[in-house]
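Hello,

Here is the structure we talked about passing on. Please open it first, then read the notes below.

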Amino acid sequence: MAIRSCFRRVAKRTRRGADKLDGGQLEFTLRAVAFGLLIGCLLCFTNLYFGLQTGWISMMSLQSALIGFLVSRLFPTPMTPQENVVLQTVSVATGTMPLAAGFVGILPALGLLNEERDGVPPLHLSWVGAVGWSCAVAFFGVFLSPPIRKQVIVEEQLAFPSGTATAQLISVLHQIPPPDTFIKPRPNLGYRAVHTEEVDDVPTPTSVVEHADVSDPQEQSEAQEEGWGALLWSFVASGAMTLTAYFFPAVFSIPLFGNYLADNWLWTFTPSLSYIGQGIIMGLPTTLSMNLGMLVGWGILSPIAKHAGWAPGAVGDMSIGARGWILWVSLAIMCADSIVSLMPVIAETAYSRLYLGGLSRAGGGAEDKEMETEDRLVPTKWVVWGLGASVVMGTTLVWLVFGDEGIKPWATIIGYVMGGLLSVLGVRALGETDLNPVSGLGKISQLFFAWIQPGNVIANIIAGGVAEAGAQQAGDLMQDLKTGHLIHASPRAQFFGQLIGSSLSIVITATAYSLYNRAYEIPGPSFPAPTAYVWLGLARLLRDGQLPEKSSEFMIIFALVFSVVAALKAYAARRGEWWAKWVPSGVAFAIGFLNTPAFSLARLVGGIVEHVYYARRGREKGGIRLVIIASGFVLGEGVVSIASLVLTTWGVGAASCWGCGHGLCAGCPT
């Protein structure tokens, strides 16, 4: 009863001053938060599962809003659009912690440390340590969000394509007037913001919102009558295939190009419905970029490095094999792409803040464009005290978890400061292009900390993780705040939802990671955690300056090539050219290097399915049915993976290893 009364008091406060769009209805309700937490917990397991496999994680904000809408049909009184906004905000905050807290990259990287090479033994955090580390980075980005929202959403009106897509989808599902998505033109810069794809995020408005006709009531009927059916059968189909592959691992390791290529060069195919669903969500342009990278990395560079003797180990060896050799090339591509993509953002930030800001001050200042009343906004004193408390608490917890030899407290504080500065750049890039360049921002942090605390691999990784966590979390939450801004949901209600979701996710993520770490080898055959090698590889490079033979030449060549490609893509996107989305994404291209061909090929199938489906049916008539099916595919494997985890913990293994002659099946003994 106390919890329910607390929700009522908060809901009444966030209700005041509501716009006519919401009719003054309640927003921050117990059912919205409860179902947001439930969906978020499922997404948390799903994201951890796929993140440890491939390094790919999705916000799943569209899917959360869609499932929230379907769930709301079970209530006598359906959820309001604003409740759905709060629900998906809670869900995203809960589901993205595996990436924000580094469970798919930073913690596995610490477990790969070698005392002989790095001067320190492998570091494996206990459950308590994992919870402490998560608490250290869980709230800084949340408290950063309100002031950044004021600048980039209210004042500058940046697009935030995925957040806009979610708002438009909610307006379709709840049959409310479409949100005003007009973006003011940029003065004197000669370009306008357009929508592009993001590798580790949900689809942009091009791939979702254009699939739905807001004025057609049949769209609402489809979501209500067929939504549950499509979600259910796709969920069951994906889950059934996942269990089948657990007992018969050969199902997910098909030597599509023959046993020789599978055994010697890791060319297999994984017909995972979840991977296909991810390909549908990502879209054809992004999956093409990934597969182009796969062809160059695994089809050209890997054989060259192997036969030239530059990578003498087994092809799959991340230390001395071809996979470890091409890792460095992918790192160069990601850094070049991220840095070049940030340059126009930095230039625009300097232009708007210094030049236009000076003109504004000289002219007496500009009017406040905030449409929300004070009682619906997050008070400034909450932000100030929250940021201060999160930095003090985080610094203390990092020191307690890793000790003074791991990272100095002053270095951790600098990590938070860098996180705040990089968050501004990352959020602006996200608002313009739908791409949050956190991979590049994390590498910038590592470069900086190699200078201020040289020779300490642990400090380099941790400080980079602290800075990246703030940028990642602020970016993800800004998409939600953009959705709320367009649907006229209370920013304060969303803020409460973000805090609640992040708090629960600390325990859920740490528990899930501990269970996976106990049942599987991480990194290992089932969960290679490719981004862990990126973090550790750069930290070692900055300390030792040693690269695999001949890799530096290829790193320079590909970095230069993708600097030009990234500049071309940014230029075309900002000018609104139709072909901008077909210019290869550097980050997606590099991910094709990091993962074995099995992961990229299945996503290409999904991308082709998405393209053909809407090419034949049309964007307006295609509806959202395919998005629902793709969501079921992704959630099915992610949720059923919990059952696989339990079976592994109990010692229940594969029923048959028939068909695993190439020795690449994760569930079979090698």
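**Unusual backbone spots**

Leu266 sits in the loop between helix 13 (259–265) and helix 14. Keep in mind that this is a predicted model. Leu266 is not a glycine, yet its phi is positive, about 65°. Most residues other than glycine have a negative phi, and most peptide bonds are trans. Is Leu266 buried or exposed? Its relative accessibility is 14%, so Leu266 counts as buried, the cut-off being under 20%.

Lys550 has a positive phi too, of about 65°, and is not a glycine either. Look for Lys550 in the loop between helix 22 and helix 23 (551–574). Lys550 has a relative accessible area of 38% and is therefore partly exposed.

There is also a cis peptide bond. It joins Ile522 and Pro523, with omega at about -10°. Pro523 belongs to the loop between helix 21 (491–519) and helix 22 (530–544).

**The chain as a whole**

The protein chain has 27 helices and zero strands. It holds 670 residues, and 61% of them are buried. Take the contacts between residues at least 6 apart in sequence: 83% of these join residues at least 24 apart.

**Helix 14**

Helix 14 follows the loop that holds Leu266. It spans residues 273–282 and is mostly covered, with 10 of its 10 residues buried. Among them are Leu273, Tyr275, Ile276, Gln278 and Met282. Gly277 and Gly279 are on that list too. After helix 14 comes Gly283, with a positive phi near 95°.

**Helix 3 against helix 4**

Which angle do helix 3 and helix 4 make? Helix 3 covers residues 61–72 and helix 4 covers residues 81–95; their axes cross at roughly 130°. The axes come within 9 Å. An angle of roughly 130° is neither over 145 degrees nor in the 65 to 115 range, so the two helices are oblique to each other. The crossing is right-handed.

Helix 3 brings Ser61, Ser64, Ala65, Gly68 and Phe69 to the contact. Helix 4 brings Asn84, Leu87, Gln88, Ser91 and Val92. By class, the residues of this contact are four nonpolar, six polar and no charged. An α-helix has 3.6 residues a turn, so residues three or four places apart point the same way.

Two residues of this contact deserve a further look.

- Ser61 is in helix 3. Its relative accessible area is 2%, so Ser61 is buried. The side chain of Ser61 makes a polar contact of 3.3 Å with the side chain of Thr166.
- Leu87 is in helix 4. Its relative accessibility is 0%, so Leu87 is buried. Leaving out residues up to four places away in sequence, Leu87 touches Ala32, Phe35, Gly36, Ile39, Ser64, Gly68 and Met79. Ser64 and Gly68 are also among the helix 3 residues in the contact with helix 4. The C-alpha atoms of Leu87 and Ala34 are 8.1 Å apart, although 53 residues separate them along the chain.

**Helix 8 against helix 20**

Helix 8 (residues 127–138) packs on helix 20 (residues 457–487) at an angle of about 50°. Their axes are 9 Å apart. That angle is not under 35 degrees and falls short of the 65 to 115 range, so helix 8 is oblique to helix 20.

What does each helix put into the contact? From helix 8 come Trp133, Val137 and Ala138. From helix 20 come Ile462, Gly465, Val466, Ala469 and Gln473. The residues divide into six nonpolar, two polar and no charged.

**The start of helix 18**

Helix 18 runs over residues 409–433, and Pro409 lies in it. Pro409 has a relative accessible area of 28%, so Pro409 is partly exposed. Not counting neighbours within four places in sequence, Pro409 is in contact with Thr395, Trp399 and Asp404. Pro409 and Thr396 are 13 residues apart in sequence, and their C-alpha atoms are 7.5 Å apart.

Best wishes

Conventions:
Residues are numbered from 1 along each chain as its sequence is written. This is a predicted model: local features need pLDDT of at least 70, side-chain atom pairs count only at pLDDT 80 or more; totals for chains, interfaces and linings use all residues. Side-chain values use heavy atoms; hydrogens and water are left out. Axes are lines fitted to C-alpha atoms, for helices over the stretch in contact, and angles run from 0 to 180 degrees between N-to-C directions. Helices (H or I, at least four residues) and strands (E, at least two) are DSSP runs, numbered from the N terminus. A crossing is left-handed if the near helix is turned anticlockwise from the far one by less than a right angle, and right-handed if clockwise. Contact means heavy atoms within 4.5 Å. Ala, Val, Leu, Ile, Met, Phe, Trp, Tyr, Cys and Pro count as nonpolar, Asp, Glu, Lys and Arg as charged, and the others, Gly among them, as polar. Buried means under 20% relative accessible area, exposed over 50%, partly exposed in between (1.4 Å probe, protein chains only). A polar contact is a pair of N or O atoms within 3.5 Å; within protein, one must be able to donate a hydrogen and the other to accept it, and residues adjacent in sequence count only if both atoms are side-chain atoms.
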